[in-house]
Amino acid sequence: MADPRRIARQRLESLQRAGVKSLKKGKPVAKAASAKVAAAEKPSPATTARQANSPAPTAAPAYVPPAAPTSPALKTKAEREAALDVIRRQVAACPRCPELCATRKQTVFGVGNSKARLCFLGEAPGADEDAQGEPFVGRAGQLLTKIIEACTLKREDVYILNVLKCRPPNNRPPTPEESANCREYLEGQLDIIRPEFICCLGATAAKQLLGLDIPISKLRGTFQTYRGMRVMCTYHPAYLLRNPDAKRDVWEDMKKLLREMGIELDKKG
Ligand code: SF4
């Protein structure tokens with residue numbers, strides 16, 4: 001369930017980023033929000049009495065995803081499409097990140113084969129994706145399509161999605177709160193599709209999925225595991241547009257991934 005204190009703090013930060021200085025006349029945003037947070041944090045007498053008899057609280061543990069999906073796999077395409085549609089509708093009406101809700105044209109859910117063996121995971125929609133409602137359709141997306149085709153696959157063979165379903169203004173990186181807010185949707189999509197392989201495009205996608213704070217230059221080309229799925233991390237296509245020399249590295253990573261998938265480049269027509 002969403003944490004009201006986290007949401008209050010996030011709402012405050014979003015309003016401040018949007019340039020709002022006060023919520024009411026003479027009442028600074030920080031004070032007003034702090035008062036709300038303090039009120040939310042103030043324990044009731046019953047809670048205080050319970051706490052007196054409880055062991056001292058410990059720090060909340062870091063989020064650790066389950067080792068494997070906990071629900072049975074959906075067998076038919078119709079079941080998977082229907083399940084994805086439920087999440088798609090939730091995303092389309094999602095109010096969790098106030099700044100993103102105020103600035104997005106539309107949400108960008110994901111596209112492709114609901115039984116794909118391979119998912120490509122990016123960071124967040126950009127301007128073109130925000131306008132069209134589909135991930136990876138701008139210049140970086142066209143380069144991703146070329147990479148997929150060089151792998152002798154088609155966009156329709158794979159599933160393409162982002163960590164965030166809404167465009168951050170000016171393409172800034174997602175905040176930790178926004179990524180946490182959207183995590184449930186991402187996990188829901190992956191639980192339905194159940195790809196055998198995920199290719200994380202760029203440092204943000206790798207960090208958000210795996211929880212690893214390792215530079216992408218070190219992480220790329222190595223296999224990681226997420227809930228039983230094999231994960232290859234590589235550079236984001238937008239990075240390749242700025243650094244064409246890195247295309248060679250990405251191709252090496254793709255060849256490694258294809259070998260692991262049992263796809264032989266020479267023999268597949
Ligand atoms: S980024 Fe995700 S959690 Fe945030 S408003 Fe959009 S859909 Fe909701």
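**Exercise 1. State which residue just after α9 takes a positive phi, and give the approximate angle.**

Solution. In this predicted model, the residue to inspect is G211, just after α9. Its phi is positive, at about 70°.

**Exercise 2. Decide whether helix α9 is largely enclosed or not, and explain why.**

Solution.
Step 1. Locate the helix: α9 covers residues 203–210.
Step 2. Apply the cut-off for burial, which is 20 or more other C-beta atoms within 10 Å of the residue's own.
Step 3. List the residues of α9 that pass: A203, T204, A205, A206, K207, Q208 and L209.
Step 4. Conclude. Because seven of the eight residues are buried, the rest of the structure largely encloses α9.

**Exercise 3. Identify the elements against which the buried residues of α9 pack.**

Solution.
Step 1. Take the helices: α8 and α10 (216–219) are partners.
Step 2. Take the strands: β4 (118–122), β6 (197–201), β7 (223–226) and β8 (229–234) also pack against the buried residues of α9.
Step 3. Set this against the whole chain, which has 12 helices and eight strands. Of its 269 residues, 31% count as buried.

**Exercise 4. Describe the shell around the ligand: how many residues it has, which elements contribute two or more, and how the residues divide by type.**

Solution.
Step 1. Count the residues: 14 surround the ligand, and the closest are C94, C97, C166, N181 and C182.
Step 2. Assign elements. Two or more residues come from each of α5 (98–103) and α8 (176–193). The most come from α8, which gives four.
Step 3. Sort by type: nine residues of the shell are nonpolar, two are polar and three are charged.

Notes. Residues numbered from 1 in each chain as written. Predicted model: local features only at pLDDT ≥ 70, side-chain atom pairs only at ≥ 80, totals over all residues. Nonpolar A, V, L, I, M, F, W, Y, C, P; charged D, E, K, R; others polar. Buried ≥ 20, exposed ≤ 12 C-beta atoms within 10 Å, placed from the backbone. Contact = placed C-beta atoms within 7 Å.
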